[in-house]
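Colleague: Could you walk me through this entry and tell me which cut-off stands behind each term you use? I would like to follow the reasoning as well as the numbers.

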Amino acid sequence: MTQYMLSVVGNVDDAVPTDDEMQEMFATVGRFNDTLQEAGKWVFAGGLAPITTATVVDATGERPTVTDGPFSEAKEFLGGFWIIEAADLDDALDWAKQGSAACGAAVEVRPFDAASQ
Amino acid sequence: MPAPAAARGSDAVADVVRTEYGRVVAGLIRRYGDIGVAEDALGEAIVIALQRWPRDGVPPNPAGWLTTTASRKALDHLRREKVRDEKYAEAAMLTDDTPPEASGPVKDDRLRLIFTCCHPALAEPARVALTLRLLGGLTVAEIASAFLVPETTMAQRITRAKGKIARARIPYRVPAPDDLAERLDGVLAVLYLIYNEGYLSSSGDGADRQDLADEAIRLTRQVQSIAVGVGSPPEVDGLLALMLLSRARRPARIGADGRWVTLSEQDRTLWDLGLIEEGHALVRECLRRNAPGAYQLQAAIQAVHTDTLEASATDWGQVLALYDQLVRVHPTPVVELNRAVALAEVDGPHVALAVIDALELTAYAPWHASRAELLRRLGRAEDATHAYAAAIATTQNPAERAWLAARRET
């Protein structure tokens, strides 16, 4: 088994969902999470607050700095993620398809470095 | 039965090695679970073969000899690797610990391997390169020169793809029945791409890369022989027939002056009748199975074109009917364009020109060339000259350019 991170790709140009849409998305994602847990593939998951809440800390220089805003100027940002256990990439891709459909966004699939586990 | 030994030179040995490469490396990958280990071990075995076989003769079972020799090398390597860094060695493993799945009567490791090489998680150029490297046994230098990229670029592309296969664990198996048809389409698409690049090089000095086209045919024959394990989908036969029927015309396709010769002007006595016969037999078998797909329909069109040694005797009504079917299963502007060329022969240039003008293909040389031909037939000489010039401006292929320039002048 290998662990994979399924990152939900948000985009600053996406329309802000209505409350009803949010409720429905929470419900479908909730059902997907249940399926993941029942299948024994679940490790961890979470949705992130809006990208406007991000703060960057950099302690690589002489003294740590703290600045407002996302680190990257890119339009895409991490909206949330799942960490799952999967047999191989095909297995992970199958779960990612379900996750993408559930949350209504593209999902990036990336393996964890085996040496770090 | 063993071939008389010492007579063979190292070229002949290299041929045997290339023929057996895919089979041997696929078996080693299954056994040792890692493409890098398998390739390195086989590489060492090939070096030994190149020293010994010209002297001692090619062994009666060259694949078996290579497998045994490479296996010893792989085991040595894995033992060293394990001692050095157990965790990393484990990470590089392709195999998982689940028991082998019931994937049907798949006996050939190459079938598993080609699905790995053509996995949708890899970029298309990487799929093409890996397939040529691992299944075709071409060296990185050969692949780089076929695609006119620097060897270091190609080496990087292949290394990165192999790294992704190992670390993201792209599986080494025939896909589940639900995904099989789609994934096989992906494999055929890679073979088709290799053939097309061989048929009409997109750039460079040569009019075509016959070696690449022949390699694509060889690989498609392999896939055909191993696709028995998944019910021999007729599109595999269709693709092979398509390649054979266009390969058969190669001797007539490029004139002595290096210029393109169109189908209607070709000296048909130069065609390879053996390949045509084989292609026609495959097309007949496809028709019998009656499950038409895009490759089979294109092959059927080629079969009509190669059915007569007189261009004027071509059954254009039949060609058009097949294009009508092809447009339904594969509705692309290029197919619409080719259909319009057949339409011109059936309903005249006026009707066809209206169809062509409605297509958005201004970056595609054959679109301009087809317009030019129709404009000329309609007596619109000046418009035709402009269209030939536009066609020349949109292609880099020297044989195509020479043909277009000559047409513009006449």
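**Terms and values**

Modeller: Let's start with two helices of chain B: helix H6 (residues 124-135) and helix H9 (residues 177-199) pack at an angle of about 85°, with their axes 10 Å apart. This is a predicted model, in which local features need pLDDT of at least 70 and side-chain atom pairs count only at pLDDT 80 or more, while totals for chains, interfaces and linings use all residues. Residues are numbered from 1 along each chain as its sequence is written, and chains are lettered from A and ligands numbered from 1 in the order in which they are written.

Colleague: What makes H6(B) and H9(B) parallel, perpendicular or something else to each other?

Modeller: Axes are lines fitted to C-alpha atoms, for helices over the stretch in contact, and angles run from 0 to 180 degrees between N-to-C directions. Under 35 degrees counts as roughly parallel, over 145 as roughly antiparallel, 65 to 115 as roughly perpendicular and the rest as oblique. The angle here is about 85°, so H6(B) and H9(B) are called roughly perpendicular.

Colleague: Which residues meet between H6(B) and H9(B)?

Modeller: From H6(B) there are B:Arg127, B:Val128, B:Thr131 and B:Leu132, and they meet B:Val190, B:Leu193 and B:Ile194 of H9(B). Contact means that the C-beta atoms, placed from the backbone, lie within 7 Å. These residues divide into 5 nonpolar, 1 polar and 1 charged. The classes are: Ala, Val, Leu, Ile, Met, Phe, Trp, Tyr, Cys and Pro nonpolar; Asp, Glu, Lys and Arg charged; the others, Gly among them, polar.

Colleague: How do you know whether B:Lys73 is buried or exposed?

Modeller: By counting neighbours. Buried takes 20 or more other C-beta atoms within 10 Å of the residue's own, exposed takes 12 or fewer, and partly exposed lies in between, again with C-beta atoms placed from the backbone. B:Lys73 has 20 other C-beta atoms within 10 Å, so this lysine is buried. B:Lys73 is found in helix H3 (residues 62-84) of chain B. Leaving out residues up to four places away in sequence, B:Lys73 touches B:Ala41, B:Glu44 and B:Ala45. The C-alpha atom of B:Lys73 is also 9.0 Å from that of B:Val37, 36 residues apart along the chain.

Colleague: Why does B:Arg169 count as buried or exposed, and what about B:Asn290?

Modeller: B:Arg169 has 25 C-beta neighbours inside 10 Å, so this arginine counts as buried. B:Asn290 has 8, and therefore counts as exposed. Each has a positive phi without being a glycine: about 60° for B:Arg169 and about 55° for B:Asn290. B:Arg169 lies in the loop between helix H8 (151-167) and H9 of chain B, and B:Asn290 in the loop between helix H13 (273-289) and helix H14 (294-305) of chain B.

Colleague: How many helices and strands are there in chain B?

Modeller: Chain B has 20 helices and 0 strands. These are DSSP runs, numbered from the N terminus: H or I over at least four residues for a helix, E over at least two for a strand. Of the 410 residues in chain B, 42% are buried. The chain is divided into domain 1 (10-91) and domain 2 (233-240 + 274-331), with bounds from an automatic or database domain assignment. The C-alpha centres of these two domains of chain B lie 41 Å apart.

Colleague: And which elements does chain A have?

Modeller: Chain A has 2 helices and 6 strands, running β-α-β-β-β-β-α-β from the N terminus on. Its C-alpha trace spans about 45 × 45 × 20 Å along the principal axes, and 21% of its 117 residues are buried.

Colleague: What makes strand S1 (residues 2-11) of chain A and S6(A) a pair?

Modeller: Pairing needs at least two bridges found by DSSP. S1(A) and S6(A) are joined in the antiparallel sense over 5 bridges, so by the two-bridge rule they pair. Across them, A:Leu6 stands opposite A:Val109, and A:Met5 opposite A:Arg110. S1(A) is also joined by 10 bridges to strand S5 (residues 76-86) of chain A, again antiparallel, with A:Phe77 as the bridge partner of A:Gly10.

Colleague: In what order do the strands of the open sheet in chain A come?

Modeller: The 4 strands follow the order S2-S5-S1-S6, with antiparallel pairing. Strand S2 (42-47) and strand S6 (107-111) of chain A are the edge strands, since each pairs on one side only. From one strand to the next the twist averages 20°.

Conventions
Two residues are in contact if their C-beta atoms, placed from the backbone, lie within 7 Å.
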